[in-house]
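Student: I have not looked at this structure before, and I would like to understand how each descriptive word is earned. Could we go through the reasoning slowly?

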Amino acid sequence: MYLVFTTNFFHFFPWLTIIVVFPIAAGSLIFFLPHRGNQVILEYTIFICALELLITTYAFCYHFQFDDPLIQLAEDYKWINFFYFYWRLGIDGLSLGPILLTGFITTLATLAARPVTRNSRLFHFLMLAMYSGQIGSFSSRDLLLFFIMWELELIPVYLLLSMWGGKKRLYSATKFILYTAGGSIFILIGVLGIGLYGSNEPIFNLETLANQSYPAELEIIFYIGFLIAFAVKSPIIPFHTWLSDTHGEAHYSTCMLLAGILLKMGAYGLIRINMELLPHAHSIFSPWLMIVGTMQIIYAASTSPSQRNLKKRIAYSSVSHMGFIIIGIGSITDTGLNGAVLQIISHGFISAALFFLAGTSYDRIRLGYLDEMGGLAIPIPKIFTIFSILSMASLALPGMSGFVAELIVFFGIITSQKYLLMQKILITFGMAIGMILTPIYSLSMSRQMFYGYKLFNAQNSYFFDSGPRELFVLMSILLPVIGIGIYPDFVLSLSVDKVEAILSNFFYR
């Protein structure tokens with residue numbers, strides 16, 4: 001009887017509510033901690049992040065059926081009666097990977113934020129508030145709740161940028177909020193339009209909306225609205241210009257969260273809302289997505305070498321790699337969409353690690369421009385080694401996660417029934433050009449930073465190499481990158497059933 005009680009208790013326990021609310025609730029207690037220096041605040045924040053990750057991992061390991069494509073751990077509570085507003089949470093194979101990635105990267109970004117001393121309490125509270133907003137976005141099963149969670153992580157990012165950024169932090173923070181808040185207006189209009197269509201009572205439940213059909217013109221209007229919003233966040237050209245300025249000025253722990261998680265929310269939204277709720281419009285727009293994705297890969301890869309700022313160069317490499325995700329989403333095949341999901345996870349790890357390395361290098365030499373650097377391989381050999389390995393991972397070296405993800409996207413295009421042979425050849429050719437340009441900017445970045453004699457011959461040019469904290473952060477990211485590269489089924493097995501369900505229910509019926 002005791003066993004039955006405990007089994008039922010844990011089965012109906014509100015795991016997702018705890019996972020979403022815990023970081024911001026625990027973060028608000030930071031302001032009541034005793035004044036004993038910044039170290040106490042940092043240790044408390046790391047403890048909260050690690051505990052949250054453990055709770056998430058436990059809930060998913062013991063209460064999630066991996067072979068079931070349906071929504072699990074579902075929670076449905078009425079929140080505001082007047083407006084039919086529900087607190088609906090639930091996860092499936094598509095949201096599982098991004099949630100675990102969020103927990104992992106946020107914990108490491110908090111550990112990486114050690115040099116922050118000014119307004120340390122507010123900084124760490126904002127990190128935890130952002131954590132709640134991101135997990136809430138990935139686990140929302142209600143469109144209005146999704147929009148609120150989407151907005152929740154905008155304000156922390158704006159404050160993190162404007163208070164702890166570089167010299168042009170206010171300009172980049174204002175640009176960020178104008179772009180992303182402007183995109184959010186389209187989400188709000190789309191959410192209200194879909195929710196209020198065809199019924200007297202607003203319907204925001206994703207399960208109900210997934211089975212609803214719309215007139216072709218109206219579905220296209222909804223699709224364009226959501227596409228613009230997610231294109232800003234992903235980012236998709238021409239809505240990408242906020243990204244390089246934001247990364248160029250942000251503190252590197254903020255950059256880790258931006259590149260590792262925030263950009264992936266846009267790609268997740270494209271799959272979750274544009275593909276799942278608006279399938280007919282997606283089949284119309286998918287060729288254009290393929291074209292834009294191919295142009296994005298080539299454009300960003302050819303623009304990246306001209307960037308003097310190290311973080312801006314890495315930012316453009318992120319834009320280029322996001323092109324593969326867009327192509328995978330546009331391919332409308334099991335293989336292509338699985339490749340896009342794998343690229344979301346893979347690129348989240350690699351980009352976060354590269355921005356962390358850029359930040360640790362800046363902490364040592366206080367130089368942000370590549371043409372001022374040189375000869376760093378001798379004074380800081382550990383950072384040089386790990387930077388070289390992660391640069392190889394970024395350019396999709398076999399054995400690394402990026403290679404497998406991009407290869408699966410390639411197979412997705414080749415096996416797609418929607419496109420003619422000539423279209424497939426042109427898109428594949430465009431992607432191949434991007435993959436040729438990637439080693440050019442990636443290896444030239446390593447050459448400018450680590451080779452030559454500029455800093456090595458300079459006066460007082462002794463720099464501390466990577467310490468235990470930095471090595472721990474980097475190895476924690478490097479191991480999953482190699483692990484996924486060797487055994488990608490570890491990630492693919494999470495999403496493969498859900499991807500099949502999305503495509504079979506909407507495109508092949």
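Student: Where do helix H14 and helix H18 lie in the chain, and at what angle do their axes cross?

Tutor: The model is a predicted one. In this model H14 covers residues 310–330 and H18 covers residues 421–450, and their axes, which come within 11 Å, cross at roughly 160°.

Student: Why are H14 and H18 called roughly antiparallel?

Tutor: Angles over 145 degrees count as roughly antiparallel, and the axes of H14 and H18 cross at roughly 160°, so the two helices are roughly antiparallel to each other. The crossing of H14 and H18 is, in addition, left-handed.

Student: Which residues make the contact?

Tutor: On H14 they include Leu310, Ile314, Phe324 and Ile327, while on H18 they include Met431, Met435, Tyr441 and Met449. By class, the contact of H14 with H18 has nine nonpolar, six polar and one charged residues.

Student: How do you know that Cys49 forms no disulfide with Cys255?

Tutor: A disulfide needs two cysteine sulfur atoms within 2.5 Å, whereas the sulfur of Cys49 is 18 Å from the closest cysteine sulfur, in Cys255, and is therefore too far for a bond. Seen from the other side, the closest cysteine sulfur to that of Cys255 is in Cys49. The count by this rule comes to zero disulfides.

Student: What makes Cys49 and Cys255 buried?

Tutor: Buried means under 20% relative accessible area; Cys49 has a value of 0% and is therefore buried, and Cys255, at 0% relative accessibility, counts as buried too.

Notes
Residues numbered from 1 in each chain as written. Predicted model: local features only at pLDDT ≥ 70, side-chain atom pairs only at ≥ 80, totals over all residues. Heavy atoms only, no water. Buried < 20%, exposed > 50% of the residue type's maximum accessible area, 1.4 Å probe, protein only. Axes fitted to C-alpha atoms, helices over the stretch in contact; angles between N-to-C directions. Helix = DSSP H or I, 4+ residues; strand = E, 2+ residues; numbered from the N terminus. Parallel < 35°, antiparallel > 145°, perpendicular 65-115°, else oblique. Left-handed = near helix turned anticlockwise from the far one by under 90°. Contact = heavy atoms within 4.5 Å. Nonpolar A, V, L, I, M, F, W, Y, C, P; charged D, E, K, R; others polar.
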